[in-house]
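Dear colleague,

Please find below the structure that I am handing over to you. My findings follow it.

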Amino acid sequence: MKLISTLTALAFSFGVNAVEPIYVGGTQYSYTEADFNAIHLDGNVIGYETEIDVLLDEYDEYLGGYPELIFDVSGHVVGTIGRLPMKVEMDVTCSGKDIGYDADLIINRRGQLTPARFSIYNRLKTEGQCKKLKLKIKKMDSSTSDTEATIDAFNVNLTIYLNLM
């Protein structure tokens with residue numbers, strides 16, 4: 001009952017546009033740019049980031065310790081480019097611990113723009129410290145200063161499992 005009361009209180013404490021907490025346990029969560037905040041540099045949007053509460057990274061009596069968490073993050077970015085391909089990166093951390101990083105290019109292939117695709121998979125014990133997951137998608141290197149290169153839309157799929165073996 002205490003858990004339900006705590007979860008209800010947490011649900012009402014988030015703002016209208018806030019991203020709901022992630023429950024460790026295998027549910028897939030999907031996010032779009034509406035769930036992120038823009039990252040600005042010199043008045044231009046160079047990327048997006050969000051921070052999501054993580055619930056249930058807790059001590060397990062059966063295991064006699066903290067379980068290993070399995071992070072599975074994937075997504076893609078659609079954009080507009082200038083003359084050069086746009087370099088885009090995804091970075092995932094949890095309460096300061098590095099979860100993973102991936103980068104790709106949006107390129108013009110025979111007149112059609114191909115999206116940047118990301119895949120991050122990692123297994124690690126956080127000893128109960130994974131409380132805030134931070135997702136960041138942004139242009140990188142020379143693409144950061146290219147005002148013709150824009151991130152138009154993206155999606156991120158995220159699942160966090162407990163490895164109980």
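**The nonpolar core**

In this predicted model, the largest nonpolar core comprises 35 residues, and those with the most contacts inside it are Tyr31, Val77, Val88, Leu133 and Leu135. Two or more residues of this core come from each of strands E2 (28-32), E4 (44-55), E5 (68-80), E6, E7 (97-109), E9 (116-125), E10 (132-139) and E11 (150-163). In soluble globular proteins, nonpolar side chains tend to be buried together.

Val88 may serve as an example. Beyond its neighbours within four places in sequence, Val88 is in contact with Val77, Asp102, Ala103, Asp104, Ile106, Ala116, Phe118, Ile137, Lys138, Lys139, Met140 and Ile151.

**The chain as a whole**

The chain contains one helix and 11 strands, and from the N terminus the helix is followed by the strands. Of the contacts between residues at least 6 apart in sequence, 74% join residues at least 24 apart. Buried residues account for 37% of the 165 residues in the chain. The accessible surface of the chain is about 9,600 Å², and carbon and sulfur atoms contribute 50% of that surface.

**Confidence**

The chain has a mean pLDDT of 86, with 88% of its residues at 70 or more. Among the elements, strand E6 (residues 86-94) has the highest mean pLDDT, 97, whereas helix H1 (residues 2-13) has the lowest, 37. The pLDDT is below 50 over residues 1-16, a stretch that has six contacts in the model beyond near neighbours in sequence.

With kind regards

Technical notes
Residues numbered from 1 in each chain as written. Predicted model: local features only at pLDDT ≥ 70, side-chain atom pairs only at ≥ 80, totals over all residues. Heavy atoms only, no water. pLDDT = per-residue confidence, 0-100. Helix = DSSP H or I, 4+ residues; strand = E, 2+ residues; numbered from the N terminus. Contact = heavy atoms within 4.5 Å. Buried < 20%, exposed > 50% of the residue type's maximum accessible area, 1.4 Å probe, protein only. Areas by Shrake-Rupley, 256 points an atom, 1.4 Å probe, with all protein chains shown as cover. Core = buried A, V, L, I, M, F, W, Y, C linked by side-chain atoms within 4.5 Å.
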